[in-house]
Amino acid sequence: MQKKECRRCGACCFVDMIAYATEDDFVRWRAEGRHDILHIIENEASIWAGDHLISSRNGHSIQRCPFLIMDDDGLYSCTIYNTRPAVCRDFEPGVSRMCPQYEDQ
């Protein structure tokens with residue numbers, strides 16, 4: 001399968017993949033002094049509630065990654081792209097049904 005280029009639609013980030021950050025990601029963020037990232041994650045600790053994520057702090061539904069923003073052109077960007085978690089770095093456009101570029105094999 002040919003590798004596809006990300007279209008910056010944000011579909012994968014509306015799943016809040018940050019919930020899958022590993023201990024290695026947390027160690028890296030601590031070493032980088034990224035207390036901003038750690039603060040947001042710790043205050044928005046998510047848990048699964050059936051088929052969606054909710055905040056363990058106040059129970060509100062979490063609709064997207066807290067680091068996702070939309071630019072003036074309607075394209076989505078990651079505000080922590082250079083230090084995003086491994087789950088995000090390893091994600092390839094088109095390999096998951098959550099991606100609009102996915103095609104059944």
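This is a short dialogue on reading the features of a predicted model.

Me: Where do I start? Which helices and strands does the chain have, and in what pattern?

Reply: Start with the element count, then the order. The chain has three helices and four strands. Along the sequence the pattern reads α-α-β-β-β-β-α.

Me: What do the totals for the chain say about burial, contacts and surface?

Reply: Take them in turn. Of the 105 residues in the chain, 30% are buried. Among contacts with a separation of 6 or more, 57% join residues 24 or more positions apart. The accessible surface comes to about 7000 Å², and carbon and sulfur atoms hold 51% of that.

Me: Now a single helix. Which residues of H1 are buried?

Reply: H1 spans residues 23-31, and its buried residues are Asp-25, Phe-26 and Trp-29. Next, look down the helix axis. The buried residues of H1 fall within an arc of 100°, so they line one face of the helix.

Me: Which exposed residues sit on the face of H1 turned away from its buried side?

Reply: That face carries Asp-24 and Ala-31, both exposed.

Me: What do the buried residues of H1 pack against?

Reply: Two helices. They pack against H2 (35-43) and H3 (86-89).

Me: What should I check where H1 ends?

Reply: Check the backbone angles. Gly-33, just after H1, takes a positive phi of about 70°.

Me: On to pockets. What is the volume of the largest pocket, and how many residues line it?

Reply: Its volume is about 670 Å³. The lining has 33 residues. Nearest the centre of the pocket lie Cys-6, Cys-12, Cys-13, Tyr-81 and Cys-88.

Me: Which element gives the most to that lining?

Reply: Strand E4 does, with three residues. E4 covers 76-78, and both E4 and H3 supply at least two residues of the lining.

Me: How does the lining divide by residue class?

Reply: Sort the lining residues into classes and count each. The lining of the largest pocket holds 21 nonpolar, three polar and nine charged residues.

Me: Last, one residue. Why does Ser-96 count as buried?

Reply: Compare its relative accessibility with the cut-off. Buried means under 20% relative accessible area. Ser-96 has 18%, so it counts as buried.

Me: Where is Ser-96 placed, and which residues does it contact beyond its neighbours in sequence?

Reply: Ser-96 is in the segment after H3. Set aside the neighbours within four places in sequence. Ser-96 is then in contact with Phe-91 and Tyr-102.

Methods:
Residues numbered from 1 in each chain as written. Predicted model: local features only at pLDDT ≥ 70, side-chain atom pairs only at ≥ 80, totals over all residues. Heavy atoms only, no water. Buried < 20%, exposed > 50% of the residue type's maximum accessible area, 1.4 Å probe, protein only. Arc of directions from axis to C-beta. Contact = heavy atoms within 4.5 Å. 1 Å grid on protein atoms, 1.4 Å probe; cavity = no way out; pocket = protein on both sides within 12 Å on 5 of 7 lines; lining within 4 Å. Points joined across faces, edges and corners; volume = space filled by probe spheres on them. Nonpolar A, V, L, I, M, F, W, Y, C, P; charged D, E, K, R; others polar. Areas by Shrake-Rupley, 256 points an atom, 1.4 Å probe, with all protein chains shown as cover.
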